[in-house]
Amino acid sequence: MEQERIIVLINGSMNNPSFTKKVLKEVEKRLQKNKAKTMFIDIRDLQLPVYDPKAESPKEIIEVSNILKKADGLVVGVPEYHGSYTGAVKNLLDYLGFEEFQQTPIALLATAGGIKSGTNTLNHLRLVFRNLHGHVIPQQFAISKNETNPELELDPSMDLRLEKFIQGLETEVHKKLLFEKWEKSQSGEVPAEK
Ligand SMILES: Cc1cc2nc3c(=O)[nH]c(=O)nc-3n(C[C@H](O)[C@H](O)[C@H](O)COP(=O)(O)O)c2cc1C
């Protein structure tokens with residue numbers, strides 16, 4: 001039986017149209033093909049002010065927080081800006097905390113203009129999520145606009161890397177759900193499987 005799971009995708013680009021969004025939509029399509037339920041958060045739609053610790057959180061943040069708390073897995077996509085992730089994604093994360101990310105497997109994806117780019121962006125973002133107690137999976141995916149075409153046709157090796165990225169996330173989501181089931185069985189909520 002297919003496991004019920006919710007995977008949330010976040011686009012960390014304010015650009016419109018956004019190449020990162022396009023790649024994330026391809027990931028979403030493949031997740032849905034695997035029968036995962038998905039939700040998409042586009043940072044551009046949130047139009048967040050710069051985080052102010054003394055100000056009340058906008059209603060959009062409450063909504064995002066509730067969505068993230070439901071997530072069994074997360075895909076965060078960001079374009080590389082000056083060798084790192086965007087200010088927009090850091091601004092969103094500054095509004096959030098452990099509650100939204102702890103124990104959730106997170107898969108990181110970067111897009112870039114340069115073919116050899118993306119790795120620093122992914123490493124920087126990995127560090128930020130470690131501080132948010134997110135469980136960032138080892139698999140990550142980086143793609144340059146120059147490695148594809150407007151239809152997002154991927155060459156076989158890139159296609160395989162994208163599949164392995166998605167599989168890496170699905171495996172960790174599966175482990176998370178098994179652990180939660182076991183935890184419930186320990187508290188007597190559901191009988192343990194033999
Ligand atoms: C302000 C800015 C800085 C950028 N810095 C880099 C960079 O350091 N390395 C790189 O490869 N591409 C860089 N790019 C290109 C973007 O990463 C690339 O176009 C990306 O795919 C844009 O995705 P988006 O349309 O989703 O925003 C930069 C673009 C902008 C606007």
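This is a short tour of a predicted model, stop by stop, with a selection to make at each one.

**Stop 1: the core**

Select Ile7, Val75, Val76, Ala107, Leu108 and Leu109. The largest nonpolar core has 41 residues, and these six touch the most other members. Now colour β1 (6-11), α1 (19-33), β3 (73-79), α4 (87-95), β4 (105-112), α6 (119-131), β5 (135-144) and α7 (156-186), each of which supplies at least two residues of this core. Strand β4 provides the largest share, 6 residues.

Stay with Ala107 for a moment. Which residues does Ala107 touch, leaving out those up to four places away in sequence? Select Val75, Ile137, Gln139, Phe165, Gly168 and Leu169 to see them.

**Stop 2: helix α1**

Select residues 19 to 33, which make up α1. With 15 residues at 1.5 Å a residue, α1 should span 21 Å, and its end C-alpha atoms are indeed 21 Å apart. Within α1, pick out Phe19, Thr20, Lys21, Val23, Leu24, Val27 and Leu31, which are its buried residues. Show their surroundings: the elements covering them include β1, β2 (37-42), β3, β4, β5 and α7. After the helix comes Lys35, where phi is positive, near 75°.

**Stop 3: the ligand**

Select the ligand and the 17 residues that surround it. The closest of these are Asn15, Thr20, Pro79, Gly113 and Ser117. Thr20 has come up already, as one of the buried residues of α1. Which element gives the most to this shell? The answer is α1, with 3 residues. Both α1 and β4 supply at least two residues of the shell. Colour the shell by class to find 4 nonpolar, 10 polar and 3 charged residues.

**Stop 4: Phe40 in β2**

Select Phe40, which lies in strand β2. Is Phe40 buried, exposed or partly exposed? Phe40 has 16 other C-beta atoms within 10 Å. A buried residue needs 20 or more and an exposed one 12 or fewer, so Phe40 counts as partly exposed. Add Ile10 to the selection: Phe40 and Ile10 are 30 residues apart in sequence, yet their C-alpha atoms are 6.0 Å apart in space. Leaving out residues up to four places away in sequence, Phe40 touches Leu9 and Glu28.

**Stop 5: helix α6**

Move to α6, a helix of 13 residues. From first C-alpha to last, α6 reaches 19 Å, close to the 18 Å expected at 1.5 Å a residue. Select its buried residues, Thr121, Leu122 and Leu125. Why do these three sit on the same side of α6? They cover an arc of only 90° around the axis, which puts them there. In general, an α-helix has 3.6 residues a turn, so residues three or four places apart point the same way. What covers the buried residues of α6 includes β3, β4 and β5.

Turn the view to the face away from the buried side, where the exposed residues Leu127, Arg130 and Asn131 are found. Just after α6, His133 has a positive phi of about 60°.

**Stop 6: helix α7**

Finish with α7, which has 31 residues. Its first and last C-alpha atoms are 45 Å apart, close to the expected 45 Å. Select Phe165, Ile166, Leu169, Glu170, Glu172 and Val173, which are buried in α7. The buried residues of α7 pack against β1, α1, β3, β4 and β5. Phe165 and Leu169 are also among the residues that Ala107 touches. Just after α7, select Gly188, whose phi is positive at about 80°.

Notes:
Residues are numbered from 1 along each chain as its sequence is written. This is a predicted model: local features need pLDDT of at least 70, side-chain atom pairs count only at pLDDT 80 or more; totals for chains, interfaces and linings use all residues. A nonpolar core is a set of buried Ala, Val, Leu, Ile, Met, Phe, Trp, Tyr and Cys residues joined through C-beta atoms within 7 Å. Helices (H or I, at least four residues) and strands (E, at least two) are DSSP runs, numbered from the N terminus. Two residues are in contact if their C-beta atoms, placed from the backbone, lie within 7 Å. The expected span of a helix is 1.5 Å times one less than its number of residues. The arc is that of the directions from the helix axis to the C-beta atoms. A residue is near a molecule or strand if its C-beta atom, placed from the backbone, lies within 6 Å of it. Ala, Val, Leu, Ile, Met, Phe, Trp, Tyr, Cys and Pro count as nonpolar, Asp, Glu, Lys and Arg as charged, and the others, Gly among them, as polar.
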